[in-house]
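Q: I am new to this structure. Please take a close look at one sheet and what packs around it, then set it beside the rest.

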Amino acid sequence: MKNTIKGIKISGVSVALPSQKIPVTNYIEIFGEEVIQKFVETTGVKSVCRSLPEQTASDLGYEAAKNLFEKKQINKAEVGILVFISQKPDFRSPASSFIIHDRLGLSEDCLCLDINLACSGFIVALHTIHNLLQSSDSKKALLITADTSHKTLSPFDRTMIMLFGDSGSALLLEKTTELYETHFAIRSDGSRFKSIITPSGAYRNRNAPKERVEWSDGILRSDYDTHMKGMDVFGFSISDVPALFKDFLTELDKTPDDYDYFTVHQANLYILKQISRKIKIPMEKIPISLDRFGNNSSNSVPMVLADHFSNIQPTKLKLFMSGFGAGLSWACADISIESEAILPIFFTDDFNDLN
């Protein structure tokens, strides 16, 4: 699916991280020094941020939005759409967007919507919110992405527990008479839904045992732990994803030279290098945040924006964005954003117990 939308811009970006930073070397006692060294060399991840046990994805998303509202002095009454992207909601029901709506004190004339997507979620939600805003009488829309990925990972899973970080972000989008044109391309393949999956915890397999047992790969897991078929996901990331990049660039009649940066989902360093090689993108055009913050699921792209562009000289950035992961789902966007819209990363351990 391809789509072009005009007259909407991103006017604010805010990213919140939990303050607890975990170096991957903390896992030497569990996995051994050789495993850790190989992990760092392959993934590029040296540390991740971890939320508190009481801190949820909606807490991080709310804090990011609150910071955005305060710093950008946003009129809440003008926000008519709130979309929340996460695979770690507060409850099975209601949608977490309603919790954030209440905490922010938004108007009753505001659409609330959750989207259950992971690493492609930001691009898909960006496309969704562009369309919703364009077809409504709302002036502004709020896009929040957040995940606390480690909370459904086995602490014994050497392939995942050191890779994923927790974070939240908030973006403000608004209608404008300025010249803004955004292009999107999205692909999905449900036949590979088992490639990244948490088998239990919802309404299928409700009686699965919670005790962790040894799987065929020698790792202790339960069906309540997220599992990734590493080779399948790797193959997808270095074949299907670059193929979409090429098709999208051809459709737009553009080359990598037409972009200032490629803000790509921070899956791991080896995958980013393979994408760079296949599309002939210089690595200096692919900003890296995963070395310090890991793979942040749907929040990878906002993380890169705040990490690299929040303190640069004012400029209009021409960006190629991409996210890819569970579903399987992969997406691209051609978009421009003023660097002045992007706020620096901040750290918070605040949470609300909703009592």
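A: Start with one pair of residues: T148 stands opposite D166 in β8. The model is a predicted one. T148 belongs to strand β7, which covers residues 140–148. Its partner strand, β8, covers residues 166–175. The two strands run antiparallel, and 9 bridges join them.

Now widen the view. β7 and β8 sit side by side in an open sheet of 6 strands. The order across the sheet is β6-β5-β7-β8-β2-β17. The pairing in this sheet is mixed. At the edges are β6 (111–115) and β17 (346–347), and each of these pairs on one side only. One helix lies against this sheet: α3 packs on it and touches β2 (8–17), β5 (79–85), β7, β8 and β17. The direction of α3 makes about 45° with that of β8.

Step from β7 to its other neighbour, β5. Here the sense is parallel, with 6 bridges between β5 and β7. V83 stands opposite L143 in β7. On its other side, β5 pairs with β6, again in the parallel sense, over 5 bridges. There, I81 stands opposite L111 in β6. How many residues of β5 are buried? The count is 7 of its 7 residues, and the strand is mostly covered.

Helix α4 comes next. This helix spans residues 96–104, and 7 of its 9 residues are buried, so α4 is largely enclosed by the rest of the structure. The buried residues are S96, S97, I99, I100, H101, R103 and L104. What do they pack against? The partners are α3, β5, β6 and β7. Just after α4 comes G105, with a positive phi near 70°.

One residue of α4 leads on to α3. R103 is among the residues that D59 touches. D59 is found in helix α3, which covers residues 57–72. Is D59 buried or exposed? D59 has a relative accessible area of 1%, so this residue counts as buried. Besides R103, D59 touches E54, D350, F351 and N352, leaving out residues up to four places away in sequence. With N352 there is a polar approach too: a polar atom of the D59 side chain lies 3.2 Å from the backbone nitrogen of N352.

Return to the sheet to meet N299. This residue is in the loop between α8 (290–293) and α9 (300–309). Its relative accessibility is 0%, so N299 counts as buried. Two side-chain links stand out. A polar contact of 2.7 Å joins N299 to T145. Another polar contact, also of 2.7 Å, joins the side chains of N299 and S167. Beyond its neighbours within four places in sequence, N299 is in contact with V15, T145, S167, G168 and S169. T145 falls in β7, and S167, G168 and S169 fall in β8.

The loop of N299 ends where α9 begins. Follow α9 to a second sheet. This open sheet has 5 strands in the order β1-β9-β16-β15-β14, and its pairing is mixed. Its edge strands are β1 (2–6) and β14 (261–264), and each pairs on one side only. On average, neighbouring strands here are turned by 20° against each other, direction ignored. α9 packs on this sheet and touches β14 and β15. The direction of α9 makes about 135° with that of β14.

Within this second sheet, β15 and β16 run antiparallel, joined by 10 bridges. In β16, S329 is the bridge partner of G325. Between β15 (316–325) and β16 (329–338) runs a loop that holds G327. G327 has a relative accessible area of 34%, so this glycine is partly exposed. Apart from neighbours within four places in sequence, G327 is in contact with D189, G190, R192 and F193. How far apart are G327 and A64? They are 26 Å apart in space, C-alpha to C-alpha, and 263 residues apart in sequence.

Last, a pair of helices. α6 (residues 230–252) and α7 (residues 269–279) pack at about 35°, with their axes 10 Å apart. Their crossing is right-handed. Residues of α6 in the contact include F234, I238, V241, P242 and F245, while α7 brings residues including Y270, I271 and I275. By class, the contact has 10 nonpolar, 2 polar and 2 charged residues.

Key: Residues numbered from 1 in each chain as written. Predicted model: local features only at pLDDT ≥ 70, side-chain atom pairs only at ≥ 80, totals over all residues. Heavy atoms only, no water. Helix = DSSP H or I, 4+ residues; strand = E, 2+ residues; numbered from the N terminus. Buried < 20%, exposed > 50% of the residue type's maximum accessible area, 1.4 Å probe, protein only. Polar contact = N/O pair within 3.5 Å; in protein donor to acceptor, adjacent residues only side chain to side chain. Contact = heavy atoms within 4.5 Å. Axes fitted to C-alpha atoms, helices over the stretch in contact; angles between N-to-C directions. Left-handed = near helix turned anticlockwise from the far one by under 90°. Nonpolar A, V, L, I, M, F, W, Y, C, P; charged D, E, K, R; others polar. Pairing = 2+ DSSP bridges.
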